Amino acid sequence: MDRREFIKKSLQAGAASLAMMTMKVPLINSAERTSTVAVARNGSPDDMVEKAVEMLGGIARFVGKGDTVVIKPNIGWARRPEQAANTNPEVVAAIVRLCKSAGAGKIKVFDNTCNEAKRCYVMSGIQKAAESAGADVSYMFPQKFKKTDIPNGKILKSWHFYKDALDADAFINVPIVKHHSLSRMTMGMKNIMGILGENRGKIHNQFDQKLADINTVVKPTLTILDAVNVLMRNGPVGGNVNDVQSFNTIVAGVDPVAVDSYGASFFDLKGMDLGFLRKAHAMGLGEIDLSHVKVKEFNLSG
């Protein structure tokens with residue numbers, strides 16, 4: 001090697017080393033190469049949430065110090081917690097506390113409700129529980145919805161998304177598992193509809209593909225599925241506690257398709273049985289086949 005070539009290679013090596021030293025290691029915000037789903041059972045909501053996230057590597061993988069975090073539960077209906085139409089308020093509070101422990105700068109909780117917002121926030125118990133845990137709970141303001149392109153959408157090419165959700169450093173999707181009269185089940189992927197504006201009724205035509213389309217825009221940092229109590233019939237509104245079954249389970253993961261596919265098992269279904277998951281899998285949004293997923297399970301009751 002002559003002197004000129006030696007100097008050239010030395011400079012290249014030095015530049016590469018400097019880039020490695022200054023490169024910021026990103027937080028987990030997309031599906032891992034091998035999808036992992038964590039399942040915690042038979043404990044308090046606090047303990048199950050903490051254990052499920054711990055099995056994924058801990059909250060610090062997802063939330064950094066000073067981060068603005070959006071926690072998106074289902075608060076769509078003016079129903080009490082025991083009716084299981086909305087996310088369990090204790091689950092939401094547990095996630096708020098976990099994010100605070102990671103040093104989050106601001107934690108926002110909101111949902112674009114189907115019934116009148118004030119009634120939903122109060123009756124669900126989520127506003128009180130989340131605020132007590134340290135979150136900023138707010139209604140959604142029309143001026144904050146932003147028309148957003150959906151470049152990878154098969155049918156939908158744009159829609160209005162809530163700016164606070166798009167701008168968050170970490171977006172944690174916290175749906176409840178329940179029956180749905182149109183999609184058979186509603187879980188994480190459908191819960192994204194709660195950050196949409198406009199007339200959401202238009203999405204119900206060719207619903208499975210449109211649901212997959214909107215999920216190409218918002219990819220949750222983490223999905224935490226509430227299966228503490230599951231509405232088995234007459235969803236999504238429910239109302240009769242006799243339609244509710246207790247599973248006392250939390251499911252968490254980075255891959256939203258894998259998490260929802262596991263959630264299908266509460267109804268004795270597989271991911272392939274749900275049209276929106278088939279569409280999402282075909283678009284590369286996650287793994288639908290649980291035989292290709294690493295499932296970690298822990299029973300807190302011993």
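This is a short talk on a strand, a group of aromatic rings and a pocket in one structure. Keep in mind that the model is predicted.

I'll start with strand S2, residues 68-73. Is this strand enclosed or open? Of its 6 residues, 5 are buried, so S2 is largely enclosed by the rest of the structure.

S2 has strand partners to go through. One of them is S3: the two run parallel and are joined by 4 bridges. If you want a place to look on screen, find Val70, which stands opposite Lys108 in S3. To get from S2 to S3, the chain passes through helix H3, residues 89-101, and the β-α-β crossover made this way is right-handed.

Another partner is strand S7, residues 170-174, which is also parallel to S2 and is joined to it by 5 bridges. Here the residue to find is Lys72, whose bridge partner in S7 is Asn173.

Now the aromatic rings. How many aromatic pairs turn up in a search of the whole structure? The search finds 5. I'll take one of them, Phe110 with Tyr162, which is edge-to-face, with the centres 5.0 Å apart and 65 degrees between the planes. Where do these two residues sit in the chain? Phe110 is in the loop between strand S3 (106-109) and helix H4 (117-123), while Tyr162 belongs to strand S6, residues 158-162. They are 52 residues apart, and the pair links distant parts of the chain.

Are these two rings' residues buried or exposed? Buried means under 20% relative accessible area. Phe110 has a relative accessibility of 1%, so Phe110 counts as buried. Tyr162 comes out at 0%, so Tyr162 is buried as well. Phe145 joins them: Phe110, Phe145 and Tyr162 form one aromatic cluster.

One further ring has a charged neighbour. Lys51 lies over the face of Phe298, 4.2 Å from the ring centre.

Last, the pocket. As background, rolling a probe the size of a water molecule over the atoms shows where empty space is left. The largest pocket here has a volume of about 280 Å³. Which residues should you look at? The lining has 18 residues, and those nearest the centre of the pocket are Trp77, Cys114, Lys190, Met193 and Arg200. As for secondary structure, the elements that contribute two or more residues to this lining are strand S8 (176-180) and helix H7 (188-191).

That's the end of my part.

Notes
Residues are numbered from 1 along each chain as its sequence is written. This is a predicted model: local features need pLDDT of at least 70, side-chain atom pairs count only at pLDDT 80 or more; totals for chains, interfaces and linings use all residues. Side-chain values use heavy atoms; hydrogens and water are left out. Rings of Phe, Tyr and Trp (its six-membered ring) pair if their centres lie within 6.5 Å; planes under 30 degrees apart count as stacked, over 60 as edge-to-face and the rest as tilted. Buried means under 20% relative accessible area, exposed over 50%, partly exposed in between (1.4 Å probe, protein chains only). A charge sits over a ring if NZ of Lys or CZ of Arg is within 6 Å of the ring centre and within 35 degrees of the ring normal. Two strands pair if DSSP finds at least two bridges between them. A crossover is right-handed if, with the strands pointing away from the viewer, the path from the first strand over the helix to the second runs clockwise. On a 1 Å grid over the protein atoms alone, a cavity is a set of points where a 1.4 Å probe fits but cannot get out, and a pocket is an open set with protein on both sides within 12 Å along at least five of seven lines; lining residues have an atom within 4 Å of a point. Grid points are joined across faces, edges and corners, and a volume is the space filled by probe spheres set on the points.
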